[in-house]
Amino acid sequence: MQYIIRVFTKGLLASSGEHWKQSRTFSLTALREFGFGKKSLESKIKEEVDVFLDVIGQQNGKPFDINALAHSSVSNVICSIVFGQRFDHDDKDFKWLLSKIDLQSASPTSLVNTFPVLRFLPGDFFGIKTFLNNLTELRGYFHTSVDKHKKVFDSNSPQDLIDAFIKERPKHDGDDPVFKYDNLDFIILHLFVAGTETTTTTIRWSIVYLLRNPEIQVRLFREIESVVGVSRLPTVADRPNLHYCEAFITEVLRRCNIVPLSVPHGALKDIDFRGYRIPKGCTILPNLDSILSDPELFPNPDKFDPNRFLDAEGKFCGAEKVVAFSLGRRVCLGEALARMEMFLFLTSFVQRYEVVPVDRDDLPSEEGIFGITYGPHPYKFRAIPRG
Ligand code: HEM
């Protein structure tokens, strides 16, 4: 298994077998209880959308980079689910937390992954020492937060994922590693790592494509204007009627391919697959790009074209071909949350603001930077309030 994944050791992302199964079942159950599939999740996201729109308004149409704002807004949704509280964007602890979750330095293709011994070289050329220190400090922070939860825990009224864990623990054997507190630290870490940067990057890519395709932006706004109007923000209930918006988000997920090599997995035994032998212990990097850019599935795959997800009647279709969240039993655990976030943030944003490039002759590039996620180069734009 790759070094960067191996250092996670427990929790969700890097465990396997029974440990993974139980950690995933616990997390999904808790996420459902404190968010997924509930009205409460929508209201948590909408609280962040309101702040997001306000901060954009405060820029007064001046050029700005949305990265930090999107990152804080998306992280706060996970904070509400895990800690039962959101943070003010200027909060000192929150800023510290976000600075430690910045994992751009850790790439699955980094040499240190294949030759972990390189981590002992003096200095920090591969960024791995910073990466590991950040993980340790984050786990320390989560541990303190869990301790605070233990002191005020009320089994009749669990408030968040940490409370759900404290409640569940006594039902399991004391030696069960899944319900030891250090596994909870890893579960929290993985929800932050997997759930923050990915959605933030998707929002940033979406704006790149709005800037590059003004006609798409007009069409999105017209759809929102005619289905929702402009006197209230879009809600999840509007989703089935906003076909072009859904097609746009799906095309962003396809074209931008945020996690091109998914998460590395390892072969637990020798596997024979289509005439090839994958030996036990081998690292497997799923190449999602081979599907998302397959010209048989998506003709002219390099073209950004939301229309490919509309049928002859203009209805949204074909999303199942977009495997940006991977496939199978390890499929992304946060897909429903990510889709809801993208929908509410983007439709509300387009409803309220027109996105204008700083320089029409120098648009943000479609070429990205390859880190743990595949993200756009930093860019600025103007957000002009719609009259
Ligand atoms: C646009 C946003 C997102 C994309 C493109 C994305 C994509 C992925 C991909 C490709 C995987 C690897 C699946 C595999 O191992 O085969 C994954 C795993 C995972 N994702 Fe996401 N993800 C996104 C948002 C989220 C969010 C919001 C959360 C938070 C709840 C989340 C939590 C996870 C977790 C915990 C795993 C590990 C699942 C496991 O191994 O059982 N993701 N994601």
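How far is an oxygen atom of the ligand from an N or O atom in the side chain of serine 262? The separation is 3.4 Å. Here are some notes to help you find your way around this predicted model.

1. **Who sits around the ligand.** A good place to start is the shell of 26 residues around the ligand, where Trp20, Arg24, His265, Ser326 and Cys332 come nearest. By class, this shell is made up of 16 nonpolar, 8 polar and 2 charged residues.

2. **Polar partners.** Have a look next at the ligand's oxygen atoms. An oxygen atom of the ligand lies 2.7 Å from a polar side-chain atom of arginine 24. For serine 326, an N or O atom of the side chain is 2.8 Å from an oxygen atom of the ligand. Arg24 and Ser326 are also among the residues that come nearest to the ligand.

3. **Helices that build the shell.** Three helices, α2 (17-33), α9 (181-212) and α13 (335-352), each supply at least two residues of the shell. Of the shell residues, 6 come from α9, which gives the most.

4. **A helix crossing to look at.** Besides supplying shell residues, α13 also packs with another helix, α10 (residues 214-227): the two axes come within 9 Å and cross at roughly 95°. An angle of 65 to 115 degrees counts as roughly perpendicular, and α10 and α13 are therefore roughly perpendicular to each other.

5. **What meets at that crossing.** On the α10 side, Gln217, Leu220, Phe221 and Ile224 meet Thr347, Val350 and Gln351 of α13. The residues of this contact divide into 4 nonpolar and 3 polar, with no charged ones.

Technical notes:
Residues are numbered from 1 along each chain as its sequence is written. This is a predicted model: local features need pLDDT of at least 70, side-chain atom pairs count only at pLDDT 80 or more; totals for chains, interfaces and linings use all residues. Side-chain values use heavy atoms; hydrogens and water are left out. A residue is near a molecule or strand if one of its heavy atoms lies within 4 Å of it. A polar contact is a pair of N or O atoms within 3.5 Å; within protein, one must be able to donate a hydrogen and the other to accept it, and residues adjacent in sequence count only if both atoms are side-chain atoms. Helices (H or I, at least four residues) and strands (E, at least two) are DSSP runs, numbered from the N terminus. Ala, Val, Leu, Ile, Met, Phe, Trp, Tyr, Cys and Pro count as nonpolar, Asp, Glu, Lys and Arg as charged, and the others, Gly among them, as polar. Axes are lines fitted to C-alpha atoms, for helices over the stretch in contact, and angles run from 0 to 180 degrees between N-to-C directions. Angles under 35 degrees count as roughly parallel, over 145 as roughly antiparallel, 65 to 115 as roughly perpendicular and the rest as oblique. Contact means heavy atoms within 4.5 Å.
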